[in-house]
Amino acid sequence: MFPLSAVLFPYADMPLHVFEPRYRALMQDCLAGDRRFGVVLIERGSEVGGGDERSALGTRCVILRELELPDGRWLLEVRGESVIEVEQWLPDDPYPAALVTEPMPVPGLEDPATVLGKAIQRVRRARALLAEQGGAAALPPDLSLDGGGDADVASWQLCAAAPVNSYDAQRLLAADGAEERLRLLVELMEDLELDLHRMLTSE
């Protein structure tokens, strides 16, 4: 397990810089095995040194690319695969480890495709508004966010593209199924848009 100060979503890619000795050992074990490990959000504390409080819900990921530097550090690119739930934390020996399960998503009352279009529109608008204020860049018009026709994959792609903080990202990760996730994402983007408009009108 690799606790981080950020949330990794399924189907999303993340770069990692691994420098602590315990996580170097984790990388050696992963690369000698199936290249997979779990990522969870640090709710309190620091990524370095241990003694942190960790979320019970995270993401299993796989190492796509790796580069070991001459001093033993690693540069990685990983991709999220599925949500995992920690059943029991094991001793950090030498790195964090846990017994985990993959929770089954709860199907929504409606087809998630009914809210997907609105979620795509809201995420694009939020990124465009932030770009106007010098924040995150707007999403390219030709960037596909429909998950290749799979609403569940699309919901995760949108979560990764959305400008959310780690607290709200964890809420999205914990949502029961694609429909609930997309509805929460729409709500978060609407709130962000209102906040941005308030900031502009108060200047």
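This is a tour of one structure, stop by stop, with a suggestion at each stop of what to select in the viewer. Keep in mind throughout that the model is predicted.

**Stop 1: three aromatic rings**

Begin by selecting Phe2, Tyr23 and Phe37, which together form one aromatic cluster. In the whole model the count comes to 3 aromatic pairs. Look at Phe2 and Tyr23, whose ring centres are 4.2 Å apart and whose planes meet at 5 degrees, so this pair is stacked, given that planes under 30 degrees apart count as stacked. The pair links distant parts of the chain, since Phe2 belongs to strand E1 (residues 2-4) and Tyr23 to helix H1 (residues 21-32), with their positions 21 residues apart in the numbering. Phe2 is buried, with a relative accessible area of 5%, and Tyr23 is buried as well, with a value of 2%.

Now turn to Phe2 and Phe37, an aromatic pair that is tilted, with 6.1 Å from centre to centre and 40 degrees between the planes. This pair, too, links distant parts of the chain, for Phe2 lies in strand E1 and Phe37 in strand E3 (residues 36-44), 35 residues apart. Is Phe37 buried or exposed? At 5% relative accessibility, Phe37 counts as buried.

**Stop 2: the nonpolar cores**

Keep Phe2 and Phe37 selected and add Phe9, Met27, Val78 and Leu158, because these six are the residues with the most contacts inside the largest nonpolar core, which has 51 residues. Centre the view on Met27 and show its surroundings: leaving aside neighbours within four places in sequence, Met27 is in contact with Phe2, Val18, Phe37, Ile63, Trp74 and Leu76. Apart from the largest core lies another one of 5 residues, and you can find it by selecting Val40, Ile84, Val86 and Ala98, which are among its members.

**Stop 3: a hairpin of two strands**

Next select residues 74-90, which are strand E5, and residues 97-101, which are strand E6; the two strands pair in the antiparallel sense over 5 bridges. They form a hairpin, with 6 residues between the strands. To see how the strands face each other, pick Glu85, which stands opposite Thr101 in E6.

**Stop 4: Ser55 and its surroundings**

Select Ser55, whose place is in strand E4 (residues 53-68), and which is buried, with a relative accessible area of 4%. Which side chain makes a polar contact with the side chain of Ser55? The partner is Gln170, at 2.8 Å. Not counting residues up to four places away in sequence, Ser55 touches Val40, Leu41, Glu43, Val86, Trp89 and Gln170. While Trp89 is in view, add Arg54, whose charged end sits over the ring of Trp89, 4.6 Å from its centre.

Then follow Gln170 into helix H4 (residues 166-174), where the buried residues are Asp168, Ala169, Gln170, Leu172 and Leu173. At the N-terminal end of H4, look for Asn165, which caps the helix with a side-chain oxygen 3.2 Å from the backbone nitrogen of Tyr167.

**Stop 5: helix H3 and the loop before it**

Select residues 151-161, which make up helix H3; 8 of its 11 residues are buried, so this helix is largely enclosed by the rest of the structure. The buried residues of H3 are Ala151, Val153, Ala154, Ser155, Trp156, Leu158, Cys159 and Ala161. At the start of the helix, a side-chain oxygen of Asp150 comes to within 2.9 Å of the backbone nitrogen of Asp152. Show Trp156 together with Arg181, which lies over the face of that ring, at 3.6 Å from the ring centre.

Now move to Gly147, in the loop between H2 and H3, which is buried, with a relative accessible area of 14%. Gly147 touches Val153, Ala154 and Gln157, when residues up to four places away in sequence are not counted. If you draw a distance from its C-alpha to that of Leu158, the two are 9.1 Å apart in space and 11 residues apart in sequence.

**Stop 6: Arg122**

Finish with Arg122, whose place is in helix H2 (residues 113-132). Arg122 is buried, because its relative accessible area is 18% and buried means under 20%. Its contacts, leaving aside neighbours within four places in sequence, are Val186, Met189, Glu190 and Glu193.

Notes. Residues are numbered from 1 along each chain as its sequence is written. This is a predicted model: local features need pLDDT of at least 70, side-chain atom pairs count only at pLDDT 80 or more; totals for chains, interfaces and linings use all residues. Side-chain values use heavy atoms; hydrogens and water are left out. Two strands pair if DSSP finds at least two bridges between them. Helices (H or I, at least four residues) and strands (E, at least two) are DSSP runs, numbered from the N terminus. Rings of Phe, Tyr and Trp (its six-membered ring) pair if their centres lie within 6.5 Å; planes under 30 degrees apart count as stacked, over 60 as edge-to-face and the rest as tilted. Buried means under 20% relative accessible area, exposed over 50%, partly exposed in between (1.4 Å probe, protein chains only). A charge sits over a ring if NZ of Lys or CZ of Arg is within 6 Å of the ring centre and within 35 degrees of the ring normal. A polar contact is a pair of N or O atoms within 3.5 Å; within protein, one must be able to donate a hydrogen and the other to accept it, and residues adjacent in sequence count only if both atoms are side-chain atoms. A nonpolar core is a set of buried Ala, Val, Leu, Ile, Met, Phe, Trp, Tyr and Cys residues joined through side-chain atoms within 4.5 Å. Contact means heavy atoms within 4.5 Å.
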